[in-house]
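Biologist: Please take a close look at one residue in this protein. Then set that residue against the whole chain.

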Amino acid sequence: EILVKFHEDYKIYSDEYDAYMDEKEPVWEELAEQAAQNRHDRIVAEATEELEDAKKEFAEEKADAEAELEDARIELADAYKELTDAEIEIADAKKELTDGRATLEESRTELTKAEYELGYNLHVKLPDAEKELDDNYNLLCAKSAELSEGKKQLEAGQQELDAKKAELEDAKTKLETLKMSLTMLKMNVESVKTKLESLDTSDSGFASEMELMETSVKYMEDSVNQILGEMQPGYRPLDTSSMTLAQRIGLLEITLVSIEENVTKQEPELEAGEAQLLAAQAEIDKNREVLYSGEQQINAGFSQIEQGRKEIADAYEEIEEGLEQLKEGWTEFSKGEAELLKGEAEIADAEKELADGWTEYYDGLEEYEEGYQEFVTEIADAEAEIADAEQEIADIEEPESFLLGRETNVGY
């Protein structure tokens, strides 16, 4: 409602009053419509605010409920995992016990077998091995004496062969030296011969050149005579005092050719001798290898015997240790049986505890499912109430305004 107060004081129902009312009626109608619209907007705003508060409270309560359900779900999942892990552990423990039982039976078999083997080795195998080692030792001693005699004979042959090889090497060295000397002499003879043929008797230096060539030829003659003296014991040099220089050079050429022919004949003889010495050395080396191989075998045999005796001594010690270990093994076997019995009892207790755990788990699962269904139902109901409230707000009609004067207002 809107209270209207006039600025002018007109008499009711007078012409001035009616004219004034007619003039102001559009203004009053607009004011009435605005007031009605404001009223409508306030109602909608208050209802919307109230609904939003309710939705916020609903969301918080829903989130809390979901968190509680999630915690419960996680707790159940953890419990389920713990129980399934426990089942696996029990199954593993059962398998371990089964394997342990099989291992224990294997131990029984091994211990029984070890008792027999220790007794056999102590009273039969090791005494036989000691006798065999003694027989082999005596045989090796006899073979070692034979080998020593063979080595003495071989060394004597080697010394004789080394002396012959030294003689051959000396002859080869002398022959090579002789060949080099012959080569140099031939070159010098040729040089002097060429120079003599080209010498001019009218030349002022003819006499001095002849003197120099005389000296060179004399040196070469002495060298050739020395070579012939070494090659031919009792050799006497020729008297060349009555010969001309050219004749003496010719004689040197002939003599050098003769010496070369003799050297050429000596080379095959030296090669044949060297081949014989090589063959002899090969035979000695072959025999030495045989002796060395035999010596190695004998030494290896003595080493094997020594090793065998050490092994036998070690074997006796091992038998003593084995007997002690066997005693400890039977003790451990008894402990193993006791452990298996204890493990079987523990598994029985664990299986009972597991069964109780599954019962508790399924009770908790049922409680969780009931709580979840209750949550779903309450959420659906709350969401339906919110939807209804939203619809009610949406159904609020737009306002209508009425302008009533004294003629239309029944209160007047």
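Modeller: T255 sits in helix α3, which covers residues 245-395. This is a predicted model, and what follows is computed from it. Is T255 buried or exposed? T255 counts as buried because its relative accessibility is 17%, and the cut-off for buried is under 20%. Its side chain has a polar partner. That partner is the backbone oxygen of L251, reached at 2.8 Å. What does T255 touch beyond its neighbours within four places in sequence? There, T255 is in contact with V224 and L228.

Now the wider setting. Helix α3 belongs to a protein with 3 helices and 0 strands. Along the sequence, the pattern reads α-α-α. The overall form is far from a globule. The radius of gyration is 69 Å, whereas a compact globule of 412 residues would have one near 22 Å. Along the principal axes, the C-alpha atoms fill a box of roughly 205 × 100 × 25 Å.

Burial next. Of the 412 residues, 20% are buried, and T255 is one that counts as buried. The protein's accessible surface is about 30,200 Å². Carbon and sulfur atoms hold 51% of that surface.

Contacts across the chain follow. Taking contacts with a separation of 6 or more, 87% join residues 24 or more positions apart.

Last, charge. The protein carries 41 positive and 113 negative charges. The mean positions of the two sets lie 19 Å apart.

Note on methods. Residues numbered from 1 in each chain as written. Predicted model: local features only at pLDDT ≥ 70, side-chain atom pairs only at ≥ 80, totals over all residues. Heavy atoms only, no water. Helix = DSSP H or I, 4+ residues; strand = E, 2+ residues; numbered from the N terminus. Rg over C-alpha atoms; globule rule 2.2 N^0.38 Å. Buried < 20%, exposed > 50% of the residue type's maximum accessible area, 1.4 Å probe, protein only. Contact = heavy atoms within 4.5 Å. Areas by Shrake-Rupley, 256 points an atom, 1.4 Å probe, with all protein chains shown as cover. Lys, Arg positive; Asp, Glu negative; His and termini not counted. Charge placed at Lys NZ, Arg CZ, Asp CG, Glu CD. Polar contact = N/O pair within 3.5 Å; in protein donor to acceptor, adjacent residues only side chain to side chain.
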